[in-house]
Amino acid sequence: MIDPNPGARWASREMQDHLRRRHRAERRFRRAGAIAIGLALVGLATLLASIAANGWSAFRTTEIRLDVAFDPALFEGAADAPPGEREAMLAGADYAALVRNALRALFPAVEGHQEVRQLTALVSAGAREQLRDALAADPSLIGATRTFWLTADDEVDLYQKGRISREVAESDRGLSDAQLAWIDALDASGRMRSAFATGFLTSGDSREPERAGIWGAVVGSFLTLVVTLSLVFPLGVSAAVYLEEFARKNRLTDLIEVNINNLAAVPSIVFGLLGLAVFLGFFELPRSAPLVGGLTLALMTLPTVIITGRVAIQAVPPSIREAARGLGASPLQVVLHHVLPLAMPGILTGTIIGMARALGETAPLLMIGMVAFVVDVPHGIRDAATALPVQIFLWADSPERAFVEKTSGAILVLLGFLVAMNGTAIWLRRRFEKRW
Amino acid sequence: MAEPSVVREIASEQPEERHAPQSNPAVKMRARGVNVYYGDNHALQDVSLDITRDEVTALIGPSGCGKSTLLRCFNRMNDAIPGARVTGEILLDDQPIHGGDMDVEQLRARVGMVFQKANPFPKAIFDNVAYGPRIHGLARKRSDLDEIVERSLTRAGLWDEVKDRLEEPGNALSGGQQQRLCIARAIAVDPEVVLMDEPCSALDPIATARIEELIYELRGQYAIAIVTHNMQQAARVSQRTAFFHLGLLIEQGPTEEIFTNPREQRTSDYITGRYG
């Protein structure tokens, strides 16, 4: 039987309602998705904006221009000393007096021990090192007068950045009224400037915020990651290849697989405790060292790398393996010539994402002592060091107000590294991906 | 069509062999009482089949009849399948292929395979063909390798189409070219037997015709066994045919005989298209 008017069935009121309901559901779902993405983007933008707003000023520092007279009286004997001892004598001279004299020359009215101390407090203690380095580079400075831009104290820096208000009662702020008057005078005479804070990127940690830098933490993180990577990559890839390509599927391998998946979900601090017990307690490796940090993070990252490696290996089409086996390639040749090259983009992506997670990890490093206050930039994997996230944690915990911007600045640096690593992962994937 | 083998059989006076007393020089590979189990599934039941020298043997039958399973037994590709178990005896030149003195990698160099779906490596055309000779150490010098690659591609009828772009990836070729590349790759190691598992099932009629011509040309240089769903193809390219049904070898013999005068009712039903 043929329906005389087939269109009528679809044009009925009931059908039209049904259609409208379907379209409404469709629109609703899309809108919900768009809202979710929008919320996520707003959250991300807020986070980045607040960190950047707080952190950008960490890359700027205030400097004070002083005319420093290298008074020969302060370097007595150094000029005549034999070459071997001269350096030591020059390095041991009273540079604080140089700074003090230069400041007092600008403010001759300042008298009294207390007053002078307040005056010299405008300049960072790091200024002494600036002068010492300048003199070491050019010993002929003795007796001469030179103009230097010396780093200001962190309170002066904060004031110049507008983070200390004059309105606050004198006892509640880090700068006295007298100091504020001197700052104004210096500013008015063009002796204050804001400069790029090279020290923030090149020096190690310090108790004084204006001297504290993240280079020590960057190097510590780098050394830690080198140790982690050199363990995790070969071990993770070998384990993934063995489990996927060689191991028989039986109860034992099932058990191993379940355990690897569980290990990937173990909280990182537990790995820190394990590292503490095994590497420090049993093997007695040096405390606070990138070596131990790297080993501990390797334990933590290994399951992730194995899992992503296995997924990448599974994604290699079986027809390629069959083709190679059918030509008489041995199982090892099949893996080395075909499976691994094809799985490599995925393995590398997984490894880099694992490394990015290791770079951002704090808790396990606290357990093995990489939370120490380390001034020197580490030179090897057995030196005491700290890592970027731990440095952020330490600065966030410091009482000086100037560390607030340092904390945000360090977060910016850490985020920069993470973005760079993830970018590399994407680039590697694009670069080496082959179509089949 | 089967006459030459008969002539040879009469002419030969082979000394008695340990594994196969009734050794026949026309037979390249011999399966005797082969059973294959995939777990509990008895996929192939007590099959005995010869693959003859210089001829094309077609294995036909409906889906799931075990023809591909048997083909994969000849170069032990079933070894890697978990749960697969093979019993019975398969001989290559009277030497058992499951024996201790037969290396499975060497067996696969002697018994090459072409798969259902063209599966070139995602590498250059040259490297695809050169891969087998490389891993088996067949070429000492680069010039030897160049020669092998050219000869193999020429035999596979692909040389003229690809000689100017040997460095391009093999999977950039068309489907039919890819399958001919796979044939070139398989014959680059100079196998004695070439197994083809439905080599044309994913190809258009023109590419199929090209491959069939190729198989026809290659006959005489290798013992070829081909699994096919296509009755006409079996009739066109093969000299001997074996018909499988539900894991049993129903009938085998010269292709002409099977197609014109089958002994078994099931064979004639299948060939005339009653089922399949």
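The dimensions of chain B match those of a compact globule. For 276 residues, such a globule would have a radius of gyration near 19 Å, and chain B, in this predicted model, has 19 Å, which agrees. The C-alpha trace of chain B spans about 50 × 45 × 45 Å along its principal axes. Burial was evaluated over the 276 residues of chain B, and 44% count as buried. Contacts in chain B were also sorted by sequence separation. Of those between residues at least 6 apart in sequence, 67% join residues at least 24 apart.

The secondary structure of chain B comprises 11 helices and 10 strands. Six strands of chain B make up an open sheet with mixed pairing. The strand order is β6-β7-β8-β3-β9-β10. Strands β6 (111–114) and β10 (248–254) of chain B stand at the edges. Each has a single partner strand, so one side of each is left without a neighbour in the sheet. From one strand to the next, the twist averages 15°.

Strands of a sheet pair through backbone hydrogen bonds, in either the parallel or the antiparallel sense. In chain B, strand β3 (residues 56–60) and strand β9 (residues 240–245) pair in the parallel sense. Four bridges link β3 and β9 of chain B. Within this part of the sheet, B:Thr57 has B:Arg240 of β9(B) as its bridge partner.

Chain A was examined by domain. The domain assignment divides out domain 1 (58–196) and domain 2 (215–432) of chain A. The C-alpha centres of domain 1 and domain 2 of chain A lie 45 Å apart. Contact between the two domains of chain A involves five residues of domain 1 and seven residues of domain 2. On the domain 1 side, the residues in contact are three nonpolar and two charged, with no polar residues.

The interface between the chains was treated in the same way. Here, 17 residues of chain A are in contact with 22 residues of chain B. On the side of chain A that touches chain B, the elements giving two or more residues are α14 (318–326) and α15 (331–359) of chain A. Helix α14(A) gives the most to this side, with six residues. By class, the side of chain A that touches chain B has six nonpolar, six polar and five charged residues.

Terms used: Residues are numbered from 1 along each chain as its sequence is written. Chains are lettered from A and ligands numbered from 1 in the order in which they are written. This is a predicted model: local features need pLDDT of at least 70, side-chain atom pairs count only at pLDDT 80 or more; totals for chains, interfaces and linings use all residues. Domain bounds come from an automatic or database domain assignment. Ala, Val, Leu, Ile, Met, Phe, Trp, Tyr, Cys and Pro count as nonpolar, Asp, Glu, Lys and Arg as charged, and the others, Gly among them, as polar. The radius of gyration is taken over C-alpha atoms; the globule rule is 2.2 Å times the number of residues to the power 0.38. A residue is buried if 20 or more other C-beta atoms lie within 10 Å of its own, exposed if 12 or fewer, and partly exposed in between; C-beta atoms are placed from the backbone. Two strands pair if DSSP finds at least two bridges between them. Axes are lines fitted to C-alpha atoms, for helices over the stretch in contact, and angles run from 0 to 180 degrees between N-to-C directions.
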